[in-house]
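Dear colleague,

Please find below the structure that I am handing over to you. My account of what was found in it follows directly after.

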Amino acid sequence: MAEPIKSGGEGGRGGGRGFGRGPRRGRGTPEGGTEMFTATGEKIAELSEKVVFINRSSKVVKGGRRFSFSALIVVGDKQGRVGVGLGKAGEVADAIRKGGEVARTQMTPISLKDHTIPHEIQMRYCGAHILLRPASPGTGVIAGKTVRAVLESVGIRDVLSKSLGSKNPANVVKATLAALQQLRLREQIYASRGLEIRRPTKAPVAANGAATPAPTASTPVPPVTPPAAPEGGLPPTI
């Protein structure tokens, strides 16, 4: 009796896409995000992993060419922390995995104001020159794909940016990350100088609940004296 044909086995080749490939690997959360859990199964954080650039290099040897790949990865939690990593391997998947591991170990906090940056800043890294400006709510992320990957991983939703120098992805990413690390809030600047932020005082409230206007100094108006009449005639008309 003939045995039934098994589809999707580990050793079979199959003719279609779903035959002979085995179980698929998990793709994680949307947009390349990954979830981290503790030993007890509690969720720690959800990280967004984005591939910025993949480079292929070849080495000519006696038997032919040997290819190697490098992947530039940006990882962030979209809550003010971001990291950049570069992974190298003989396969693309291994290079991406190594780059993601390096980026997770190098995540740094960024000072944000709501969903934008607190002030304008410019930064240079080698030939790359990046300009970042805060924007009003609803503007969106106005940036190229390289700068956008870093800004969205941090959690910025409204910002204006411009690349004024080299377009090398590695230098542009490092210049953007260096610019974000230089951002400071007003509270941080005052605290570093040993000063206190003076809050505006409120107007005094009357007994009936209405705000009493602040007293203003009134300027006295000098009296107007009419011109004297000339001798032997009528006073001049005005």
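**A serine in strand β9**

Ser161 has a relative accessibility of 19% and therefore counts as buried, the cut-off being under 20%. Please bear in mind throughout that this is a predicted model. The residue belongs to strand β9, which covers residues 159-163. Its side chain comes to 2.8 Å from the backbone oxygen of Ile142. When neighbours within four places in sequence are set aside, the contacts of Ser161 are Leu131, Leu132, Ile142, Ala143 and Val147.

**The four-stranded sheet**

Strand β9 is part of an open sheet of four strands, arranged in the order β6-β7-β9-β8 with mixed pairing. The edges are taken by β6 (121-125) and β8 (141-142); each has a single partner strand, so one side of each has no neighbour in the sheet. Within this sheet, β6 and β7 (residues 128-134) run antiparallel and are joined by five bridges. Ile121 is found opposite Leu132 of β7. Leu132 is also one of the residues in contact with Ser161.

The loop between β6 and β7 contains Cys126. Its phi is positive, near 55°, in a residue other than glycine. As a general point, most residues other than glycine have a negative phi. Cys126 has a relative accessible area of 65% and is exposed.

**The helix across the sheet**

Helix α3 lies across β6 and β7, and its direction makes an angle of about 40° with β7. The helix comprises residues 169-181, 13 in number, and spans 18 Å from its first C-alpha to its last, close to the 18 Å expected at 1.5 Å a residue. At its start, a side-chain oxygen of Asn168 comes to within 3.1 Å of the backbone nitrogen of Ala170. Which residues of α3 are buried? They are Pro169, Asn171, Val172, Val173, Ala175, Thr176, Leu177, Ala179 and Leu180.

**Helix α2**

Helix α2 (residues 145-154) is mostly covered, with seven of its ten residues buried. These are Thr146, Val147, Ala149, Val150, Leu151, Ser153 and Val154. Val147 has been mentioned already, as a contact of Ser161. Gly155 follows the helix and has a positive phi, near 115°.

**Strands β3, β4 and β5**

Earlier in the chain numbering, strand β3 (residues 64-76) pairs with strand β4 (residues 81-89) in the antiparallel sense, over eight bridges. Two of the positions can be named: Leu72 stands opposite Leu86 of β4, and Val75 has Gly83 of β4 as its bridge partner. The hairpin of these two strands has four residues between them, and Lys78 adopts a positive phi near 60° there.

Strand β4 also runs antiparallel to strand β5 (residues 108-109), to which two bridges join it. Here Val82 is placed opposite Thr108 of β5.

The loop between β5 and β6 holds Asp114. Like Lys78 in the hairpin, Asp114 has a positive phi near 60°, in a residue other than glycine. Its relative accessibility is 70%, and on that basis Asp114 counts as exposed.

**Helix α1**

Helix α1 (residues 92-105) has 14 residues and extends 20 Å between its first and last C-alpha, close to the 20 Å expected at 1.5 Å a residue. Ala95, Gly99, Gly100 and Ala103 are buried in this helix. Viewed down the axis of α1, its buried residues fall within an arc of 135°, so they line one face of the helix.

**Points to look at in the viewer**

- The polar contact between the side chain of Ser161 and the backbone oxygen of Ile142, at 2.8 Å.
- The course of α3 across β6 and β7.
- The positive phi of Cys126, near 55°, and that of Asp114, near 60°.
- The face of α1 lined by its buried residues, which fall within an arc of 135°.

With kind regards

Technical notes. Residues are numbered from 1 along each chain as its sequence is written. This is a predicted model: local features need pLDDT of at least 70, side-chain atom pairs count only at pLDDT 80 or more; totals for chains, interfaces and linings use all residues. Side-chain values use heavy atoms; hydrogens and water are left out. The expected span of a helix is 1.5 Å times one less than its number of residues. Buried means under 20% relative accessible area, exposed over 50%, partly exposed in between (1.4 Å probe, protein chains only). The arc is that of the directions from the helix axis to the C-beta atoms. A polar contact is a pair of N or O atoms within 3.5 Å; within protein, one must be able to donate a hydrogen and the other to accept it, and residues adjacent in sequence count only if both atoms are side-chain atoms. Contact means heavy atoms within 4.5 Å. Two strands pair if DSSP finds at least two bridges between them. Axes are lines fitted to C-alpha atoms, for helices over the stretch in contact, and angles run from 0 to 180 degrees between N-to-C directions.
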